[in-house]
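Q: I'm new to this one, so could we go through it together, a piece at a time?
A: Gladly; have a look at it and then ask away.

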Amino acid sequence: YKKLTAIMIKLVLVLSTLLYLTSALQTPNRQLGYLLMGNRTREVLIDVFYDNLCEDSAANWPMFAQVIYQDRFKNTLGVVVHIFPLPYHHNSFFAAWAGEVIMQHYPSKYRDYMTYIFKHYDDFISKAVDKTEPEVQQAYADAVHESTGIMPQVILDGYKDRKTDLRARLAWKYSSYRSVTGTPMFMVNDVIVPEASGFNESQWTSFLEEILK
């Protein structure tokens, strides 16, 4: 009886969360995520869910980039990156927020920013333990400038912009709505491929070649 009660409580919590996310998911004024390559109508569309401060995401990105930019895939793949800040990475939302500012004003520079943050993610975790939120925001603004040339004040102004803040939050809600629970996670043509987070370069290549037959 106790086990059944515990299961029912968990089920109610899950359903309540899904209902909340569904009701709270506003209609965005443009498609969510960063279009990394191709377009969203390609034969195969891959939605990638990363956390900027996730060690596994940081390790996955260079390998995944090697795969998708192969000549054999450049005309058939569409790849969209969604940023899903994990709750236990306290400063991750500021990274996502800065990314939204870049996507709004300088979308062509977003990949450079994402790559840079993945290489320096620990600067915003263990090395930022004693920093205040304004200091963390300044650190991200400086990182954006170093990686893209965008002036730091653009990012700092973005942190004061309510619409950009809401859009970063909407991106998180969208990922939750799509049943994303961790990073990295991959969806291929709207279907979650749970094993893909553990693929190496050879496995990714074989997987894509198989579905593109």
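Q: Which residue in strand 3 is the bridge partner of Tyr34?
A: The bridge partner of Tyr34 in strand 3 is Val81, and I should say early on that we are looking at a predicted model. Strand 1 and strand 3, taken as a pair, run in the antiparallel sense and are joined over three bridges.

Q: Which helix packs on the sheet, touching strand 2 and strand 3?
A: That is helix 7, residues 162-177, and its direction makes about 115° with that of strand 3.

Q: And in what order do the strands of the sheet come?
A: The order is 1-3-2-4-5, in an open sheet of five strands whose pairing is mixed. The edges are formed by strand 1 (34-37) and strand 5 (191-192), each of which pairs on one side only.

Q: Back to strand 3 for a moment: is His82 buried or exposed?
A: His82, which lies in strand 3 (residues 77-83), is buried, because its relative accessible area is 5% and the cut-off for calling a residue buried is under 20%.

Q: What does the side chain of His82 make a polar contact with?
A: The side chain of His82 makes a polar contact, at 2.8 Å, with the side chain of Asp47. Leaving aside residues up to four places away in sequence, His82 also touches several others, including Leu32, Gly33, Phe49, Tyr174 and Ser175.

Q: Changing topic, which residues are buried in helix 4?
A: In helix 4, which covers residues 110-119, the buried residues are Tyr110, Tyr113, Met114, Tyr116, Ile117 and Phe118.

Q: What do those buried residues of helix 4 pack against?
A: They pack against strand 1, strand 2 and strand 3, and also against helix 2 (55-68), helix 3 (92-105) and helix 5 (133-148).

Q: Zooming out, how many helices and strands does the protein have?
A: The protein has eight helices and five strands, and from the N terminus on its elements run α-β-β-α-β-α-α-α-α-α-β-β-α.

Q: How many of the residues count as buried, as a percentage?
A: Of the 213 residues of the protein, 47% count as buried. The accessible surface comes to about 11700 Å², and 55% of that belongs to carbon and sulfur atoms.

Q: Last one: what share of the contacts with a separation of 6 or more comes from residues 24 or more positions apart?
A: Residues 24 or more positions apart account for 79% of the contacts in the protein that have a separation of 6 or more.

Technical notes: Residues are numbered from 1 along each chain as its sequence is written. This is a predicted model: local features need pLDDT of at least 70, side-chain atom pairs count only at pLDDT 80 or more; totals for chains, interfaces and linings use all residues. Side-chain values use heavy atoms; hydrogens and water are left out. Helices (H or I, at least four residues) and strands (E, at least two) are DSSP runs, numbered from the N terminus. Buried means under 20% relative accessible area, exposed over 50%, partly exposed in between (1.4 Å probe, protein chains only). A polar contact is a pair of N or O atoms within 3.5 Å; within protein, one must be able to donate a hydrogen and the other to accept it, and residues adjacent in sequence count only if both atoms are side-chain atoms. Contact means heavy atoms within 4.5 Å. Two strands pair if DSSP finds at least two bridges between them. Axes are lines fitted to C-alpha atoms, for helices over the stretch in contact, and angles run from 0 to 180 degrees between N-to-C directions. Accessible areas come from the Shrake-Rupley method with a 1.4 Å probe; for residues, only the protein chains shown count as cover.
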